[in-house]
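Trainee: Got a minute to look at a fold with me? I'd like to talk through the sheet and one of the helices.

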Amino acid sequence: MKTTNQPSYIRDGRAPIPQKDTTSKVMSLIRAKNTKPEMTLRKALFANGLSGYRLHWKKIPGKPDISYPGIKLAIFVHGCFWHRCPNCNPPFPKSHKRFWKQKFEKNVERDKRNSQDLEKQGWKVVTIWECEIKDDLQNCVDIIRIFKLKY
Ligand SMILES: [Zn+2]
């Protein structure tokens, strides 16, 4: 369906304009912090008695989405598309291939660097993928629970 209306969401001006309105909408939604998978996990942690976490703590490398300073556990909740999930292999955008390739490589490199920097400071790093939250939220909670019990 073609529409002449201005989209009601805000683009950040960095990405090329996707040809499909829906693609554009999805992309602008999944960039920010406090994303839906992150909120879902936070709620589940809280409901399972695993509160006491910090959100996007600025004092440690990479500002992990969720962290437990007491046991030095950092959790990144990664969107499968932006961080190139190895489990579900999200499709590569069909246009502007070079732009996306560079963008994705940068994201993946940054993720790696953040993990390494955290580990150097004695943090344990857990990456939870968006698809894992969708497929088996309880399992994600259990992974974090095991760390809480162990340390
Ligand atoms: Zn995935």
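Mentor: Sure, let's take the sheet and then a helix, keeping in mind that this is a predicted model.

Trainee: Okay, in what order do the strands of the sheet run?

Mentor: The 4 strands follow the order β1-β2-β3-β4 in an open sheet, with mixed pairing. At the edges are β1 (54–55) and β4 (124–129), each pairing on one side only.

Trainee: And how many bridges join β1 to β2?

Mentor: There are 2, and these strands run antiparallel, with β2 covering residues 66–68. For instance, R54 has S67 in β2 as its bridge partner.

Trainee: Which strands does α6 touch?

Mentor: Helix α6 (residues 137–150) packs on the sheet and touches β3 (73–78) and β4. The direction of α6 makes about 175° with that of β4.

Trainee: Switching to α2: what should its span be, going by 1.5 Å a residue?

Mentor: With 12 residues (36–47), α2 should span 16 Å, and its end C-alpha atoms are indeed 16 Å apart, so the two agree.

Trainee: Nice. Which residues of α2 are buried?

Mentor: P37, E38, L41 and L45 are. Their arc around the axis is only 100°, so they sit on the same side of α2.

Trainee: What covers them?

Mentor: The cover over the buried residues of α2 includes β3, β4, α5 (130–135) and α6.

Trainee: And what does the face turned away from the buried side carry?

Mentor: That face of α2 carries the exposed residues M39, K43, F46 and A47.

Trainee: Last one: what follows α2?

Mentor: G49 does, with a positive phi near 75°.

Definitions and conventions
Residues numbered from 1 in each chain as written. Predicted model: local features only at pLDDT ≥ 70, side-chain atom pairs only at ≥ 80, totals over all residues. Pairing = 2+ DSSP bridges. Contact = placed C-beta atoms within 7 Å. Axes fitted to C-alpha atoms, helices over the stretch in contact; angles between N-to-C directions. Expected span 1.5 Å × (residues − 1). Buried ≥ 20, exposed ≤ 12 C-beta atoms within 10 Å, placed from the backbone. Arc of directions from axis to C-beta.
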